[in-house]
Each structure stands twice: as structure tokens, then as C-alpha cells.
Amino acid sequence: MATRFCSECNAILTADAQFCSACGTAVAATTDDSAGYGYPLQNKGRGGFRGVVNEGFGKYGDFTGRASRSQFWYWVLFVILGHVGVSIAAGLYFFPLAPLLPLLWSLAVFVPNIAVCTRRLHDTNRTGWQQLWAFVPLFGWIYLMYLCVQPSDVGPNDYGPAPDW
């Protein structure tokens, strides 16, 4: 039998659950085998990886709202893969400005990175200013990573309603 997820908070549900144990949402009794099954990002129908990238650039300078863990880590994956791809392309083509391509990529995603990280911190009910920990040598990046892997607040918090995916 497939795993079921809550439609509100994406918590794993037991087979006979009538309510989500994490957020208390009523689980709809349905005869449709596809409803409530599969991976959480698939339940929402928001486009998965491509949807995260579109939202990351679509909310380029939006430092309000919340971003789920999956949204944040898909964005990080996109930025890393993009940087690797641009770096490989810069190494393959020998024209005078090729070494600047990775720098241009970093500049293109600089503001969206800060915005997505701010929304991720908002999802854990922390201010986006917590990103300043990154300037503390060694310990800062580790602590910021720790903050970003924390579970989301269930339901609305000081920064808005829970993300819908």
C-alpha cells in the first residue's frame, strides 16, 4: 500500500487516519486511489523542481512569506547545478570573458538566494537577519545550515500562512 500524506502539512498519515496527527486537519475519505498518495510535492501539483526555480526567480526580491524545506533545498540544488554547468561551459570555451561566467551566474542568483533563505527562515519562525550568521567564520555557515534543516512551523506563524507545498 502506498504512503499517504496530509494535504495541509505533508505529514505521513497512517492507513486508517481520520485526522492528521501533526496539524489536526481532517483527512477526506475518498475512493480515488490517487488522492493523498505519492510524494508531498506531487500532491500539490505545483511543478516540482521547475516550479521551485520559477518561484525563486518570480519572487526575486520578495523577502516576505514562507518557503518549505523542499522549496529551499530544490533551490539550493538548482543554484549548485547551475554553477557547475556554467563553470564547465567556461572551461570548455576559450574566449576572453569565459572566466567571468561563474561570477555572472553568482551575481544573477545572489538576491534570489537571500530571498529564498529568508523565506525558509520565516518558515521556522525566525527572522531573515539570521543569515548574518554566515559571516561568522566556520561556525556561522554550520549554524545557518542547521537553521535551514529545521522542521517547518505547522500552521500560520508570525510570517504568514504555511506554504502550500
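This report walks through a predicted model of one protein chain, from its overall build to a few single residues.

Because the model is predicted, local features need pLDDT of at least 70 and side-chain atom pairs count only at pLDDT 80 or more, while totals for chains, interfaces and linings use all residues. Residues are numbered from 1 along each chain as its sequence is written, and side-chain values use heavy atoms, with hydrogens and water left out.

## The chain as a whole

Let us start with the broad view. The protein chain has five helices and two strands; here helices (H or I, at least four residues) and strands (E, at least two) are DSSP runs, numbered from the N terminus. Following the sequence, you will meet them in the pattern β-β-α-α-α-α-α.

Of the 165 residues, 32% count as buried, where buried means under 20% relative accessible area, exposed over 50%, and partly exposed in between (1.4 Å probe, protein chains only). The accessible surface comes to about 10200 Å², and 66% of that belongs to carbon and sulfur atoms. Such areas come from the Shrake-Rupley method with a 1.4 Å probe; for residues, only the protein chains shown count as cover.

A contact means heavy atoms within 4.5 Å. Among contacts in the chain with a separation of 6 or more, 62% are between residues 24 or more positions apart.

## Helix 5 and its buried face

In helix 5 (139-148), the residues Gly140, Leu144, Leu147 and Cys148 are buried. Seen down the helix axis, these buried residues fall within an arc of 95°, so they line one face of helix 5; the arc is that of the directions from the helix axis to the C-beta atoms. The buried residues of helix 5 pack against helix 3 and helix 4.

## A nonpolar patch on the surface

Helix 3 and helix 4 also appear on the outside, as each supplies at least two residues of a nonpolar surface patch. The patch covers about 1100 Å², and its members include Ile80, Val84, Tyr93, Phe95 and Leu107. Its largest share, four residues, comes from helix 3. Patches are made of residues with over 30% relative accessible area and no salt bridge (a side-chain nitrogen of Lys or Arg within 4 Å of a carboxyl oxygen of Asp or Glu); like charges are joined within 9 Å, and nonpolar side chains (Val, Leu, Ile, Met, Phe, Trp, Tyr) within 5 Å. Phe95 sits in the loop between helix 3 and helix 4.

## Residues to look up

The table gathers five residues by relative accessible area.

| Residue | Relative accessible area | Class |
|---|---|---|
| Gln71 | 6% | buried |
| Phe95 | 40% | partly exposed |
| Asp123 | 0% | buried |
| Asn125 | 33% | partly exposed |
| Leu138 | 70% | exposed |

Gln71 belongs to helix 3 (residues 69-92). Its side chain makes a polar contact with the side chain of Glu55 (3.1 Å), and the side chain of Gln71 also reaches the backbone nitrogen of Ser68 at 2.7 Å. A polar contact is a pair of N or O atoms within 3.5 Å; within protein, one must be able to donate a hydrogen and the other to accept it, and residues adjacent in sequence count only if both atoms are side-chain atoms.

Asp123 is part of helix 4. Leaving aside its neighbours within four places in sequence, Asp123 touches residues including Arg66, Ser68, Asp153 and Pro163.

Asn125 lies in the loop between helix 4 and helix 5, and so does Leu138. Phi is near 65° in Asn125, a positive value in a residue other than glycine. For Leu138, phi is near 60°, again positive in a residue other than glycine.
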